[in-house]
Amino acid sequence: MSRLQVVSGKGGTGKTTVAAALALALATAGKRTLLVEVEGRQGIAQLFETEALPYEERKIAVAPGGGEVHALAIDPELALLDYLQMFYKLGGAGRALKKLGAIDFATTIAPGLRDVLLTGKACEAVRRKDRSGRFVYDYVVMDAPPTGRITRFLNVNDEVAGLAKIGPIHNQAQAVMRVLKSAETAVHLVTLLEEMPVQETVDGIAELRAARLPVGRVIVNMVRPQSLDAADLELVRTVPRASLARSLSAAGLGGARRGGHAERLVEPLLGQAEEYAERYALEQEQRSVLGELGLPLHELPLLAEGMDLAGLYELATELRKQGVS
Amino acid sequence: MSPDPAPAQETARAQEASHALESARPHDGARHLAPARVLDVDPLLDDPKTRIVVCCGSGGVGKTTTAAALGLRAAERGRKVVVLTIDPARRLAQSMGIDSLDNVPRRVKGTEGDGELHAMMLDMKRTFDEVVEAHADPERAAAILANPFYQSLSAGFAGTQEYMAMEKLGQLRARDEWDLIVVDTPPSRSALDFLDAPKRLGSFLDGRLIRLLTAPAKLGGRAGMKFLNVGMSMMTGTLGKLLGGQLLKDVQTFVAAMDTTFGGFRTRADATYKLLQAPGTAFLVVAAPERDALREAAYFVERLAAEKMPLAGLVLNRVHGSGADHLSAERALAAAENLEEPRIVDQADGKAGLRNSPETDGGSDSPEPSSPDPAPAPSVAELPDEQTSVDLVDQVTAGLLRLHAERMQLLSREQRTRDRFTARHPEVAVAEVAALPGDVHDLAGLRDIGNRLADNRRELPEPGE
């Protein structure tokens, strides 16, 4: 299985949550995963309920079964300094460059350069080995930019090509692209069962494929419980209101006669069922759109109590159950 | 509310005490989500002094839809409006009857009333080009536009979109052709981007480093600038190595060509910033009743206050309500269990009527909201006898009750999330927009959202009485 797992998705779909759950799910017994953040939002720290992550790999969780999740928030400026240090042994001169604004300049003038640094750091972690020649991380999971920007972000080669035609940045971009376009990488997209995110997912996949980037799974997040199925909804439409009122009354909810407590519940309850039916139909439609993509499709439930650390483990367990690890 | 934000905030502070009392009133079921202050959008939209409405918020909360709905509502209330969107979903553009929005405002057909609605989508590269063309003679402009460094900068500088959105806003406002400009902000990585990017790009283009890069001789001649000069040559050397010499040369030619327009960038960024602080501008922070979105919203609110940007209020999208909110989740679940248990007994023993036991009401533990097994059910029409029919009706009723329990749980979760925001920012007026089951596809849909925004009530009618 691909060792670099990139997670993208439309804003608001919970891609950071899914990336974190995936990192936990992949950290099965004895395995180590690295969860990487590239947008400086400290979303990982918030999810794992820890203090802000520095630009440094550190263990943030132990997965059920004993695996470990490490995390890293990549800062492009520090990554560039790292990089200069590695290739040019700059020492204190690096700080002088920073003071002059050269680092800020270099990382912001061209988003391509910035992205090469970010993806380059992730690729380095993928390839890193310890003294015994074993990979330091079994998997690297990247909480990547949203669907709208993911292809540009990963397709660093094209982005940099026009700017740096030769030189180390050019070579670095080439090396990064070799990893990103290989089977070592899989790009997963997170979506909701709603029209706009699904459309964006479909478009995003087409773009990724056109750029020959390896598309992995589609993960539908925050799937609401299926309280009533199609048969139930059909019944809801056919049952007379008076019968419903009697049934509510029998359940201990007041009088079934006109104006009684149970009778007055019928209208609002049916109204809610109607809304549910409309949403159900829309969701089924979106499911079939996603089904046509021909990719592994996973669904994660909406957590009734909202997202917290316990919920994250719950989602990780769900992902394992669905065979992502 | 007053369109002038400063007095509004004063009033808010003055009223805090009474709000505290208000929110302490007993739970009456009629208004679950009673905010500390209600944001009334109509006076804001109607006030001729309101010239700019900026919608900001994190991604995925319906910001663009809110901007379009506000624009339509203002137009249908008689104003001449232009909506500037950044990256509308195809559907949303279509909902305004425009298949391809571009950098020029287009009139939206099919609006009601005397007002006008125009819509446009920001083309950041085009807008940047326009700035260059406006500030340089044709020959120089052509040289800049052809420069590879410029092309990279204009297409993808980390803050270009934000900067150009503000630039476009400034242009629209300067033309003074519209009564009201509604602007949607880019889907930023973080709340800061949209306020910071213009300044950042301005100071970048105008900054020390670029000057160093282009005019080393001038600086090198002065005493005391030795270090800078050493740093400079080392840096150009390093950057040259790093990026390849060509890029550096491109930057230098670009900067030289842009020299005349540089001052313009900083000045324009400053002017736009001032425009945003002006009394005719109103910021609306858009959010959904979810933890992350509201955390981001709180951050926006604090940031806007720090920048002295006039905040009109918070638009809370996708708020759920219930017409039966006096029936709690726990009671609904207990009642559903009442209905389901005897049915199992019925099938096993044929004992009917157990379910009529009156004591079962609310006595059981509150169970987990697990969904019932969706067993395929025959339709009522083909039922063999009356008892089965009663069972089926009970099954349907139990399903409706479980659905209601889920709704009530969602409702209280949303309320808790929102209350946390209100506790932190009691001064912020809130407009709640009832959730729609589907997406918006046409003007009628946008109008509906506008009504919900202005109504500030939930989608279901209150139960009779």
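**A walk from sheet edge to chain interface**

The salt-bridge count comes to 39 over all chains, taking a side-chain nitrogen of Lys or Arg within 4 Å of a carboxyl oxygen of Asp or Glu. This is a predicted model, where local features need pLDDT of at least 70, side-chain atom pairs count only at pLDDT 80 or more, and totals for chains, interfaces and linings use all residues. Residues are numbered from 1 along each chain as its sequence is written, chains are lettered from A in the order in which they are written, and side-chain values use heavy atoms, with hydrogens and water left out.

Start with chain A and colour its strands (DSSP runs of E, at least two residues; helices are H or I, at least four; both numbered from the N terminus). Eight of them make an open, mixed sheet in the order 3-4-2-5-1-6-7-8, where pairing takes at least two DSSP bridges. Its edges are strand 3 (58-62) and strand 8 (297-301) of chain A.

Zoom in on strand 3 of chain A, which pairs antiparallel with strand 4 (residues 68-73) of chain A over four bridges. Arg58(A) sits opposite Ala71(A) here.

Now select Glu68(A). One salt bridge goes to Arg32(A), with the closest N and O atoms 3.5 Å apart; that partner is in strand 2 (residues 32-37) of chain A, 36 residues apart from Glu68(A). Another goes to Lys59(A), at 3.6 Å.

Last stop: Arg407(B) and Glu275(A), bridged at 2.7 Å. This pair crosses between chains, from helix 16 (residues 386-424) of chain B to helix 13 (residues 261-291) of chain A. Are the two buried or exposed? Both Arg407(B) and Glu275(A) are buried (under 20% relative accessible area; exposed is over 50%, partly exposed in between; 1.4 Å probe, protein chains only).
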